[in-house]
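Welcome, and thanks for opening the viewer. Let's walk through the model one selection at a time.

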Amino acid sequence: MAAQVEKNPKITQKELVEQFDISRRTLQRKLNELKEKGKIIRKGGMRYGSWEVK
C-alpha cells in the first residue's frame with residue numbers, strides 16, 4: 001500500500017479501495033497502522049492534502 005502512495009501522493013481513499021478491492025474501513029485501519037509506525041504522514045488537509053512516505 002505504501003508503494004501506491006509513494007507513486008501517487010495525492011491518491012484518494014476511494015482510489016485505494018478500488019485498487020486493493022477492500023472496504024473503506026479496512027483501508028482506514030491499514031492507513032492508521034502505517035501512520036502509527038511512522039511510515040507515512042499526511043501533509044495538508046484531508047481534502048487537498050497529500051501523503052508522504054518516510
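Before the first stop, one cut-off: a residue counts as buried under 20% relative accessible area, exposed over 50%, and partly exposed in between. Keep in mind, too, that this is a predicted model.

**Colour by confidence.** Start with the whole chain coloured by pLDDT. The mean for the protein is 91, and 100% of the residues reach 70 or more. Now select helix H1, residues 2-7: confidence is lowest here, at a mean of 88. Then move to helix H3, where confidence is highest, at 95.

**Select Lys43.** With a relative accessibility of 40%, Lys43 is classed as partly exposed, because that value falls between the two cut-offs. Which residue does the side chain of Lys43 meet in a salt bridge? Add Glu52 to your selection: the two side chains pair at 3.4 Å, N to O. Glu52 is partly exposed as well, at 26% relative accessibility.

**Add Lys54.** Keep Glu52 on screen and show Lys54, which forms a salt bridge with Glu52; the closest N and O atoms are 3.5 Å apart. Lys54 is exposed, its relative accessible area being 61%. Through shared partners, the salt bridges tie Lys43, Glu52 and Lys54 into one network. How many salt bridges does a search of the whole structure find? The search finds two. As general background, side chains of opposite charge can pair when their charged atoms come close.

**Step over to Val53 and Glu6.** Select the C-alpha atoms of Val53 and Glu6 and draw a distance between them. Along the chain these residues are 47 residues apart, yet their C-alpha atoms are separated by 5.9 Å. Glu6 belongs to helix H1, and Glu6 is exposed, at 55% relative accessibility.

**Switch to a surface view.** Select Arg25, Arg29, Lys30, Lys37 and Lys39 together. On the surface these residues gather in a patch of positive charge. Where does Lys37 lie? Turn the cartoon back on and look in the loop between helix H3 (24-36) and strand S1 (40-43). Is Lys37 buried or exposed? Lys37 is exposed, because its relative accessible area of 60% is over the 50% cut-off.

**Last view.** To finish, show the patch of positive charge and the network of Lys43, Glu52 and Lys54 in one scene, and rotate at your leisure.

Key
Residues numbered from 1 in each chain as written. Predicted model: local features only at pLDDT ≥ 70, side-chain atom pairs only at ≥ 80, totals over all residues. Heavy atoms only, no water. Patch = residues over 30% accessible without salt bridge, like charges linked within 9 Å, V, L, I, M, F, W, Y side chains within 5 Å. Areas by Shrake-Rupley, 256 points an atom, 1.4 Å probe, with all protein chains shown as cover. Salt bridge = Lys/Arg side-chain N within 4 Å of Asp/Glu carboxyl O. Lys, Arg positive; Asp, Glu negative; His and termini not counted. Charge placed at Lys NZ, Arg CZ, Asp CG, Glu CD. Helix = DSSP H or I, 4+ residues; strand = E, 2+ residues; numbered from the N terminus. Buried < 20%, exposed > 50% of the residue type's maximum accessible area, 1.4 Å probe, protein only. pLDDT = per-residue confidence, 0-100.
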